[in-house]
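Let's take a stroll through a protein model together. Have the sequence and the 3D view ready, and we'll start with one residue before stepping back to look at the rest.

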Amino acid sequence: MAVIALAGCSGAPGVTTSALALLLSWPLEPGRRLVLAECDPDGGAVLHGLLQGTLGDRYGLRNLSVAARQGDLGAAFWRQLIDLGGDESQGESRRDRLLLPGLTDPGQSASLGSVWKSLGVIFRGIEAEHGHDVLVDLGRRGAFGPSGVLAEQADAVVVVVRNTLRCLQAAESRVRSLEERVGDVAVLLVNEGPYPAGEVQRVLQVPVIATLPYTPKDARVLSDGAEQSRHFIKSPLMKAARTSGALLVQRAAIRRARLDPHGTLAAGGEAIRAR
């Protein structure tokens, strides 16, 4: 199983929307979980997007800075997760698709200076001890600065890019900077523009490992909490997200086997008890 960081660039490529599509469609074996952590220092989007403010600010990344000062970060992490795996009112809660909501104010990121590294250890512990997958949404700039340690510790770093000229121009420098920081990266393509995957690979000089369709109506369900159609889970977006999840796991496994053939990174992870 894997820790996978998703990063973006200017031009609103859709990192969080893509991450939510992956979370809700990720192929999970029985007993496995997927945790999506919104770790964008510019602030999260899910609490007031998909969840429409219904949970207030009771959950989220900002609460972990207090827990860290109290020496309770490991246990507090699990208390801050929201279950998106089923409808609890209908007895369908499975706690297998879990969300850590992001900051509600970019100013809160200053209190997380030492927490970012500890979160990286927690993510590695979840993966190493329990075999659960972790997606880390780093937004547009979270792969750099103090939160960039989460990209450095991930099994794979994937840049979400739309195949428009504006986004590709913005992505070139971002991809080069990420390669300098974490080594090889890959692209998750949102197919809005005219350029095929092969052309995107040629321009960015990194592999396009998966593609999501550009479907604004379905995307608004995830980004803004728009009404969900009966067949949303079977929509082209969600079907492609399921395939993309399997490809991301495969990419992470190959990269880890090459960079860490003896499993020393996993062995060094902090054991975090699943709750």
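Leaving aside its neighbours within four places in sequence, which residues is Gln80 in contact with? Keep in mind that this is a predicted model. The partners of Gln80 are Arg58, Tyr59, Gly60, Asn63, Leu64, Leu99, Leu100 and Pro101, with neighbours within four places in sequence not counted. You'll find Gln80 in the loop between helix 3 (73-79) and strand 3 (82-83). Is Gln80 buried or exposed? Its relative accessibility is 11%, so Gln80 counts as buried, the cut-off for that being under 20%.

**Three glutamines in loops**

Gln80 makes a handy starting point for looking at two other glutamines, Gln52 and Gln205. Gln52 sits in the loop between strand 2 (34-38) and helix 2 (63-69). Gln205 is in a loop too, the one that runs between helix 7 (197-204) and strand 8. Here is how they come out on accessibility:

| Residue | Relative accessibility | Counts as |
|---|---|---|
| Gln80 | 11% | buried |
| Gln52 | 49% | partly exposed |
| Gln205 | 61% | exposed |

Why does Gln52 count as partly exposed? Exposed means over 50%, and Gln52 has 49%, so it is placed in the partly exposed group. Gln205, at 61%, is over that cut-off and therefore counts as exposed.

There's also something to spot in the backbone. Phi of Gln52 is near 50°, which is a positive value in a residue other than glycine. Gln205 has a positive phi as well, near 60°, and again the residue isn't a glycine.

**The largest pocket**

Now for some empty space. Rolling a probe the size of a water molecule over the atoms shows where such space is left. In this model, the largest pocket holds about 560 Å³. It has 33 lining residues, and those closest to its centre are Pro13, Gly14, Val15, Thr16 and Thr17. Helix 1 (15-25), strand 8 (208-213) and helix 8 (216-224) are the elements that each give two or more residues to the lining. Which element gives the largest share of the lining? That's helix 1, with 6 residues. Sorted by class, the lining has 16 nonpolar, 10 polar and 7 charged residues.

Let's zoom in on one of the residues closest to the pocket centre, Val15. Val15 belongs to helix 1. With a relative accessible area of 7%, Val15 is under the 20% cut-off and so is buried. Leaving out neighbours within four places in sequence, Val15 is in contact with Leu6, Ala7, Gly8, Asp137, Gly139 and Val160. Val161 is 146 residues away from Val15 along the chain, yet their C-alpha atoms are separated by 8.4 Å.

**Stepping back to the whole chain**

What does the chain look like overall? It has 10 helices and 8 strands. Along its principal axes, the C-alpha trace spans about 50 × 45 × 40 Å. A compact globule of 275 residues would have a radius of gyration near 19 Å, and the chain's 17 Å agrees with that.

How much of the chain is buried? Buried residues make up 51% of the 275. On the outside, the accessible surface comes to about 12200 Å², and carbon and sulfur atoms account for 49% of it. Finally, take the contacts between residues at least 6 apart in sequence: 73% of them join residues at least 24 apart.

Definitions and conventions:
Residues numbered from 1 in each chain as written. Predicted model: local features only at pLDDT ≥ 70, side-chain atom pairs only at ≥ 80, totals over all residues. Heavy atoms only, no water. 1 Å grid on protein atoms, 1.4 Å probe; cavity = no way out; pocket = protein on both sides within 12 Å on 5 of 7 lines; lining within 4 Å. Points joined across faces, edges and corners; volume = space filled by probe spheres on them. Helix = DSSP H or I, 4+ residues; strand = E, 2+ residues; numbered from the N terminus. Nonpolar A, V, L, I, M, F, W, Y, C, P; charged D, E, K, R; others polar. Rg over C-alpha atoms; globule rule 2.2 N^0.38 Å. Buried < 20%, exposed > 50% of the residue type's maximum accessible area, 1.4 Å probe, protein only. Contact = heavy atoms within 4.5 Å. Areas by Shrake-Rupley, 256 points an atom, 1.4 Å probe, with all protein chains shown as cover.
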